[in-house]
Amino acid sequence: MKQMLITVSATALSTYLSGCNWRYRLYKKYTRLKVSPAETFGIAVHKMMQSGLPDPIEPTVDMAAYETARKLSLLESKRGYKILAREVKHIAPLCEGIQVFGIIDAVAELDGVTVLIDYKTASRSWKEVTGAGGEIIVAKSRGFQGPIYLTPPHDG
């Protein structure tokens, strides 16, 4: 008998394990119904990063998204990243019968080392706290996304 394989996104998994049963149910219900303005903005920025910056004089260009994508592109260039691929689909095993998928915003090379890039397009910075040893901790970034992307995929 063939075993059933469940595929879940890193975002859905984080929401499910957040400690609030209703949060996941609402996530599943409303992600199908409506995309928030913040998500629409983030999607526009990611599309521009993937396909290249549009001509800003086009009337359909979201100028706020354009400016964010432009700044991210300049940051990549300034830091010396050589972009190898953008919007890379990644599927990794979580445990027997469950695999997790996500999309890596960019795979780059910096000084001969492969680097994964994850763009954050939120209008507010994530809250930082200082740990006991003086290290800066960004609690929101301690989720499943990073470790999942570092897990070798099923198919090369």
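**Turns, a helix and a pocket in a predicted model**

Asp-111 sits out in the open: its relative accessible area is 75%, so it counts as exposed (exposed means over 50% relative accessible area, buried under 20%, and partly exposed in between, with a 1.4 Å probe and protein chains only). The structure is a predicted model, in which local features need pLDDT of at least 70 and side-chain atom pairs count only at pLDDT 80 or more, while totals for chains, interfaces and linings use all residues. Residues are numbered from 1 along each chain as its sequence is written, and side-chain values use heavy atoms, leaving out hydrogens and water.

First, the general layout. The protein chain holds five helices and six strands (DSSP runs numbered from the N terminus, with helices being H or I of at least four residues and strands E of at least two). Starting at the N terminus, the order of elements is β-α-α-α-α-β-β-β-β-β-α. Of the 156 residues in the protein chain, 24% are buried. Looking at contacts (heavy atoms within 4.5 Å) between residues at least 6 apart in sequence, 49% join residues at least 24 apart.

Back to Asp-111, which belongs to the loop between E3 and strand E4 (113-117). Its phi is near 55°, a positive value in a residue other than glycine. Glu-87 does something similar, with phi near 50°, also positive and also not in a glycine. Glu-87, though, is part of strand E2, and it is partly exposed, at 22% relative accessible area. A glycine joins the list too: Gly-52, which follows H3, has a positive phi near 100°.

That brings us to helix H3 itself, which covers residues 37-51. Its 15 residues reach 21 Å from the first C-alpha to the last, close to the 21 Å expected at 1.5 Å a residue (the expected span is 1.5 Å times one less than the number of residues). Quite a few of its side chains are tucked away: Phe-41, Gly-42, Ala-44, Val-45, His-46, Met-48 and Met-49 are buried. What covers them includes H4, E2 and strand E3 (98-110). Phe-41 also has a link to a distant stretch of sequence, as its C-alpha is 9.9 Å from that of Ser-123, 82 residues away along the chain. Ser-123 lies in the loop between E4 and strand E5 (129-130), and at 76% relative accessibility it is exposed.

Next come the charged pairs. Side chains of opposite charge can pair when their charged atoms come close. Searching the whole structure turns up three salt bridges (a side-chain nitrogen of Lys or Arg within 4 Å of a carboxyl oxygen of Asp or Glu). One of them joins Glu-67 and Arg-70, at 2.9 Å from N to O. The two are three residues apart in helix H4, so about one helical turn separates them. An α-helix has 3.6 residues a turn, so residues three or four places apart point the same way. Glu-67 is partly exposed at 29%, and Arg-70 is partly exposed at 29% as well.

Another salt bridge pairs Arg-86 with Glu-76, whose closest N and O atoms are 2.8 Å apart. Here Arg-86 comes from strand E2 (residues 82-95) and Glu-76 from helix H4, so the pair ties together parts ten residues apart in sequence. Arg-86 is partly exposed, with a relative accessible area of 22%, whereas Glu-76 is buried at 7%. Lys-120 and Asp-118 make a salt bridge too, at 2.5 Å from N to O. Lys-120 is partly exposed at 41%, and so is Asp-118 at 33%.

Some of these charged residues turn up again around the second largest pocket, where Leu-72, Leu-75, Glu-76, Arg-79, Tyr-81, Ile-117, Asp-118, Tyr-119 and Lys-120 form the lining. A pocket here is an open set of points on a 1 Å grid over the protein atoms alone, where a 1.4 Å probe fits, with protein on both sides within 12 Å along at least five of seven lines; lining residues have an atom within 4 Å of a point. The volume is about 210 Å³ (the space filled by probe spheres set on the points, which are joined across faces, edges and corners). Helix H4 (residues 63-79) gives the most to this lining, with four residues. By type, the lining splits into five nonpolar, no polar and four charged residues (Ala, Val, Leu, Ile, Met, Phe, Trp, Tyr, Cys and Pro are nonpolar, Asp, Glu, Lys and Arg charged, and the others, Gly among them, polar).
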